[in-house]
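Here are my notes on this one, set out as numbered points. Have a look at the coordinates first, then read on with the viewer open.

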There are 4 protein chains.
Amino acid sequence: MEQTQIPGAGRTRTHTWSDPLASAAAVPTRSGLDFLRAMGEGGIALPPVMSTLAIEPVEVEEGRIVFALQPAEFHYNPIGTVHGGVLATLLDSATGCAVHSTLPAGTGYTSLDLSTRFLRPATVASGRLTCTGTVVSRGTRTAMAEARITDPRDRLLAHATSTCLLFPLTG
Amino acid sequence: MEQTQIPGAGRTRTHTWSDPLASAAAVPTRSGLDFLRAMGEGGIALPPVMSTLAIEPVEVEEGRIVFALQPAEFHYNPIGTVHGGVLATLLDSATGCAVHSTLPAGTGYTSLDLSTRFLRPATVASGRLTCTGTVVSRGTRTAMAEARITDPRDRLLAHATSTCLLFPLTG
Amino acid sequence: MEQTQIPGAGRTRTHTWSDPLASAAAVPTRSGLDFLRAMGEGGIALPPVMSTLAIEPVEVEEGRIVFALQPAEFHYNPIGTVHGGVLATLLDSATGCAVHSTLPAGTGYTSLDLSTRFLRPATVASGRLTCTGTVVSRGTRTAMAEARITDPRDRLLAHATSTCLLFPLTG
Amino acid sequence: MEQTQIPGAGRTRTHTWSDPLASAAAVPTRSGLDFLRAMGEGGIALPPVMSTLAIEPVEVEEGRIVFALQPAEFHYNPIGTVHGGVLATLLDSATGCAVHSTLPAGTGYTSLDLSTRFLRPATVASGRLTCTGTVVSRGTRTAMAEARITDPRDRLLAHATSTCLLFPLTG
């Protein structure tokens, strides 16, 4: 059949996740560090997008978090490399969660922006990528964090900074 | 089985894509507009990440491209909304492809950066999102584009600007 | 005298300004639009930096403001063009004041960031530059604005976006 | 006379500089590090904008440069602090010159963008500010640098990243 020649055929992947509102409901009652540790240890479900893009939690401490990503074909853009948006998702996770790790229970955050720089392309040949997010400045109303993606040879592939707005959670 | 109580169980999704290097190989031989039109019409496979995140091509002309996204649970972050990285992926696709649509055959591009601002959260209740990318400035060595994500009520959810480096493709 | 051979000799400029705290004191008691109009009409002193860099107010309405700059030698960087920071100052003035123009008396703002793109160099041959700032999104806790610098032929020289934090002024 | 009550009266400053095209002419013939060292030592005139804003060179090595600024009233914005554009000028000088310090004779650069974050206000009470620029990534076609402004207590006031385009200088 010609159908086998139609572009788009061929590769298949199945991913699973759980109700994201269940884990979101745990946010107000825990400190950010407790919440993220529980997530890393499996006590709270990982957010769906991490399953969708196969982002893995590695470690967290106050003000710093590490994620990993094994580049795969399903991350690719039209020009044969990992899509910049996949790297941006890693970076945004790292900056946002680094900020979250500094917040007490009852304080929420939202990312106002993400300023990303793409320095080297990532491909399936890059090997497992590490993304480290670090809080640079933590005020009472806003916090600023940066994140870096490196390959196994410790070369910098992408960099981002982000400002998060902090606010009291009600309920 | 205990497995049903483990967070992360429950939701499943399967997505498919085709060899991304096959479509990437078509880049040097076609103008950007021809390439993107063929992609929109199915003659060239969509890039894998668009299937992974369910980003849909809508329309393209020289210097302007539109994508769409129906927010779904598998796009969610830990705090109960569409992950900023998913929006960044939409925006990066729109800025990069808007620039690509202005390039003749034999000219390549790469995104140097993406500066994203998140203005309103997106959720499954937002309805289908539209992301429009537009070229703002097109030089011979670089081009700059912006992109906007709006909801069905035409409210602005996110905004980005990006600079792309242009270069001759060899081979 | 050898002094005539020392680099740095030669050009001189004198500029004047008035006590900036006097005008700053007027901020809490007036709406942003009233404050900026009074500044444009001379009832409130222009901020010192505008004199230092010879930035001129042109016009203001709610959510939009225009400044002008005549490029001069004293704006130059080491590589023979107007320093990007001078353009950034114009852009930051335009984004910040565009946001200010939407604020009622008693509401303050501060710029969290400025994301600037330099598209064409400016020189003394460019002619008088126009910088227009426009509010893109106005929330209760933050506002986002963009600004554009154009030359007399309406070519875009620089572009910026900025997010401002809004807060109640006390006293 | 009422004129003494008109805002805008009062403060005066005179600054001097030299022909910027003379120093710009030295760019193609020297490595960036040689050029910047000569500038720091007075063999090449400082660029005019540094005199206009009273930015002082402190030290330079390959891939890293330090500037200083003593905040003064003539740097002020309408709301009683050092204008963000003055900080952006410092940051842009630091990122651009850090990149320049890595370039051989015959290679030029231009800043494509500057992504600035303002973390704490600067005032005349802040004391002398230090701005350090560092190259983060240096390719053949582009380079990326970051810069930080700190006060005498080593608190971070502002942060920026920038991408520069590199190109062969002709003539």
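1. Start with the contact between chains D and A. Chain D puts in 14 residues and chain A puts in 14 residues. Keep in mind throughout that this is a predicted model.

2. How much area do chain D and chain A bury between them? The figure is about 1,100 Å², with 51% of it on carbon and sulfur atoms. On the chain D side, D:Arg117, D:Leu119 and D:Met144 stand out: they supply 45% of the area that chain D buries against chain A, more than any other three residues.

3. On charge pairing, the rule picks up two salt bridges across the interface of chain D and chain A. One of them joins the side chains of A:Arg117 and D:Asp113, at 2.6 Å from N to O. Polar contacts across this interface come to seven residue pairs, both partners at pLDDT 80 or more.

4. Which elements of chain D make up the side that touches chain A? Strand 5 (113-118), strand 6 (129-138), strand 7 (142-150) and strand 8 (156-168) of chain D each give at least two residues to that side. Strand 8 of chain D has the largest share, with five residues. Sorted by class, the side of chain D that touches chain A has four nonpolar, six polar and four charged residues.

5. The symmetry of the D/A pair is clean. A turn of 180° with a shift of 0.0 Å along the axis lays chain D on chain A, at an RMSD of 0.0 Å. If you want to find the rotation axis in the viewer, go to D:Ser115: of the residues of chain D, its C-alpha comes closest to the axis, at 3.7 Å. Why can we say that chains D and A meet through the same surface? Because 100% of the interface residues of chain D are also interface residues in chain A.

6. Now the contact between chains A and B. Here 54 residues of chain A are in contact with 54 residues of chain B. The two chains bury about 4,400 Å² between them, 62% of it on carbon and sulfur atoms. The three residues that supply more than any other three on the chain A side are A:Arg11, A:Trp17 and A:Pro78, and they account for 16% of the area that chain A buries against chain B.

7. How many salt bridges are counted between chain A and chain B? The count is two. A:Arg11 forms a salt bridge with B:Asp19, and the closest N and O atoms of that pair are 4.0 Å apart. For polar contacts between chain A and chain B, the count is 19 residue pairs, both at pLDDT 80 or more.

8. The side of chain A that touches chain B draws on helices as well as strands. Strand 1 (11-17), helix 1 (20-24), helix 2 (32-41), helix 3 (48-53), helix 4 (84-100), strand 4 (107-111) and strand 5 (113-118) of chain A each supply at least two residues. By class, that side has 25 nonpolar, 22 polar and seven charged residues.

9. A turn of 180° and a shift of 0.0 Å along the axis also lay chain A on chain B, with an RMSD of 0.0 Å. The two copies are therefore related as by a two-fold rotation axis. Chains A and B meet through the same surface too, because 100% of the interface residues of chain A are also interface residues in chain B.

10. A:Arg11 deserves a second look, this time within its own chain. Its side chain meets that of A:Glu73 in a salt bridge, 2.7 Å from N to O. This pair links distant parts of the chain: A:Arg11 sits in strand 1 of chain A and A:Glu73 in the loop between strand 3 (64-69) and helix 4 of chain A, 62 residues apart. Over all chains, a search of the whole structure finds 31 salt bridges.

11. Last, the fold of one chain. Chain A has four helices and eight strands, in the order β-α-α-α-β-β-α-β-β-β-β-β along the sequence. Its C-alpha trace spans about 60 × 35 × 25 Å along the principal axes. The radius of gyration of chain A is 17 Å, which agrees with the value near 16 Å for a compact globule with 171 residues.

Note on methods. Residues numbered from 1 in each chain as written. Chains lettered and ligands numbered in written order. Predicted model: local features only at pLDDT ≥ 70, side-chain atom pairs only at ≥ 80, totals over all residues. Heavy atoms only, no water. Contact = heavy atoms within 4.5 Å. Buried area = accessible area lost by both parts, 1.4 Å probe. Polar contact = N/O pair within 3.5 Å; in protein donor to acceptor, adjacent residues only side chain to side chain. Nonpolar A, V, L, I, M, F, W, Y, C, P; charged D, E, K, R; others polar. Least-squares fit on C-alpha atoms with pLDDT ≥ 70 in both. Rg over C-alpha atoms; globule rule 2.2 N^0.38 Å.
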